[in-house]
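Subject: Structure for your review

Dear colleague,

Please find below the structure that I am handing over to you. I should be grateful if you would read the notes beneath it with the coordinates open.

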Amino acid sequence: MADTARGARDSRAGHPHRWRILAAICAGLLVIVLDNTVVNLALPSIAAAFGASTAQQQAVVDAYVVVFAGLLIAAGAAADRYGRRRAMVAGLVLLGLASAAAAAAGSVWWLVAMRAVMGVGAALVMPATLAVIVQVFPAHERPRAFAAWAAVASVGMAAGPVLGGLLVAAWSWAGVFLINAPVAAAAVAALLRLVPESRDPARRPVDPAGALLATLGMVALVTAVIAAGAHGPAAPAALVCAPVAALALAAFVRHQRRSPAPLVDFSLYRDRRFAGGSAAATLLTLGTGSALFVIAQYLQLVLGLTPLEAGAAVMPLAAGTVLGSAAGGRAPERIGPRAAIVAGFAATAAGFVLLAAPGPDGPYGVVAAGLLLAGAGTGFAGPATTSTILGAVPAGRAGMGSALNDTHQQLGIALGVAALGGLLSAAYRAGLPPSAPSEAQASPAAAFAHAAGRPGGADLAEAAASAFTGAQSLTMLVAAGCATAGAVTAALVLPRDAPARP
């Protein structure tokens, strides 16, 4: 209890080492964010090493995402109960050990299993990072701390493909996993030295039945969304997992309403700050989740960049996020949280409109400007959005609140990739001429591969590029609509002044 009391005092006054604590937290955050994207450029090498099929390669990527998203709610409750620093340390140790085991994998299924274990570690870390920020920073400084947190996350996300390409070129596919171990070890050392322990003063027990239902429901839901996005709504995994998710989540809600110590405080959704901020953020991530997926294909398939060049070409997104976060950290004090959120979302929508403009011949400058503006808008709105959402959560339940915030955004990203990815595919097929061979209709990559070296291949490649850019324009305009809907939701639902709870 002494640690809890000390954490509460530090939360009100501001911990004297809070900025060093933030640096330690961001080091741990960087590991789990990089693991979302760094493995993508290693997939061809993994396929060559193990003879992995496309489905197995997808399993390597999805195992981490599914387990990470599925465990967030239970992990947030565990952090509140047993300690946020303890949760971060345990998660990073688990992630580092699983990464080392993944690098030594002798089969693709061992690699998939270790990616799932890494997802467990990431789920333990993610909610605790925001919860600790709430504990050690006074309310007026939290937007700037959240801005730094968001900037690190965005840079890690955008730098993942570039770093992955460099590591594969320097070592092999194992390099993308080996790099985690020393970074995780350094983060653990910093956390143990700097971060004070904090937990829920009420010491609510973690309900095993509730945790099991929440995890089962979320894992099934994310799996169904990913399967439907990759293979269509009739995919076997989607048909099986969707009803399982519906039943498990319905049982979870019913169980929570009867439980004396619920994992989730559903009364939070009656607070305009929490409900409005969460709804707005989810709408935004519906669009942002698909942006890199679409633009990466455009850069490589249409403009002909290599994977490493394409990774470097999306860096304006990270640069915009850093610049936007720097301005957004002070925006809630100057113009108010609601105005900061609306302005940032509007800028992101404008960036998506620019990303809808380029044709088969570019120019790349328009893409770079769109990425920069979309990143700047997201970065500008991020601190106010996070402060508004977590400002509605009692400090003792910060882990739970952070987990819900992360879950909303993970679901938004997954749904966005699935829905807008499906729209992209449908619009691409509709844009092809009727004479296009069936191979070309499968995907843009298949069309360009089919066209290479064949008589008349140049005409097919030109038609595929035109169809894809048309589909990209439609998809990016829908993404702009999602961001605009988020801005409208924030303007209508959030109160004029939504201060963070001290």
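The notes below go from the whole chain to its cores and then to individual residues.

This is a predicted model, in which local features need pLDDT of at least 70 and side-chain atom pairs count only at pLDDT 80 or more, while totals for chains, interfaces and linings use all residues. Residues are numbered from 1 along each chain as its sequence is written, and side-chain values use heavy atoms, with hydrogens and water left out.

Overall architecture

The protein contains 21 helices and 0 strands; helices (H or I, at least four residues) and strands (E, at least two) are DSSP runs, numbered from the N terminus. Its C-alpha trace spans about 75 × 50 × 45 Å along the principal axes. The radius of gyration is 22 Å, which agrees with the value near 23 Å for a compact globule of 502 residues; this radius is taken over C-alpha atoms, and the globule rule is 2.2 Å times the number of residues to the power 0.38.

Of the 502 residues, 55% count as buried. Buried means under 20% relative accessible area, exposed over 50%, and partly exposed in between (1.4 Å probe, protein chains only). Among contacts with a separation of 6 or more, 84% join residues 24 or more positions apart, where contact means heavy atoms within 4.5 Å.

The protein exposes about 19000 Å², and carbon and sulfur atoms supply 68% of that area; accessible areas come from the Shrake-Rupley method with a 1.4 Å probe, and for residues only the protein chains shown count as cover. There are 30 positive and 19 negative side chains, with the centres of the two sets 13 Å apart. Lys and Arg count as positive and Asp and Glu as negative, His and the chain ends not being counted; each charge is placed at NZ of Lys, CZ of Arg, CG of Asp or CD of Glu.

Nonpolar cores

The largest nonpolar core has 92 residues, of which I32, I133 and F177 touch the most other members. Helix α6 (residues 108–136) gives the most to this core, with 16 residues. A nonpolar core is a set of buried Ala, Val, Leu, Ile, Met, Phe, Trp, Tyr and Cys residues joined through side-chain atoms within 4.5 Å. Apart from the largest core lies another, of 49 residues, including A384, A480, A490 and L494.

Beyond four places in sequence, F177 touches V39, S99, A102, A103, L111, R115 and M118.

Individual residues

D35 lies in helix α2 (residues 18–37) and is buried, with a relative accessible area of 0%. Leaving aside neighbours within four places in sequence, D35 is in contact with Y64, L95, R115, M118 and N180.

A63, in helix α4 (residues 54–82), is buried at 12% relative accessible area. With neighbours within four places again set aside, A63 is in contact with V112, R115 and A116. R115 is thus a contact of F177, of D35 and of A63.

L354 belongs to helix α16 (residues 337–355) and counts as partly exposed, at 31% relative accessibility. Not counting residues up to four places away, L354 touches V366, A369, G370 and L373.

V240, in helix α11 (residues 236–258), counts as exposed because its relative accessibility is 52%. The C-alpha atoms of V240 and M114 are 24 Å apart, with the two positions 126 residues apart in sequence numbering.

With kind regards
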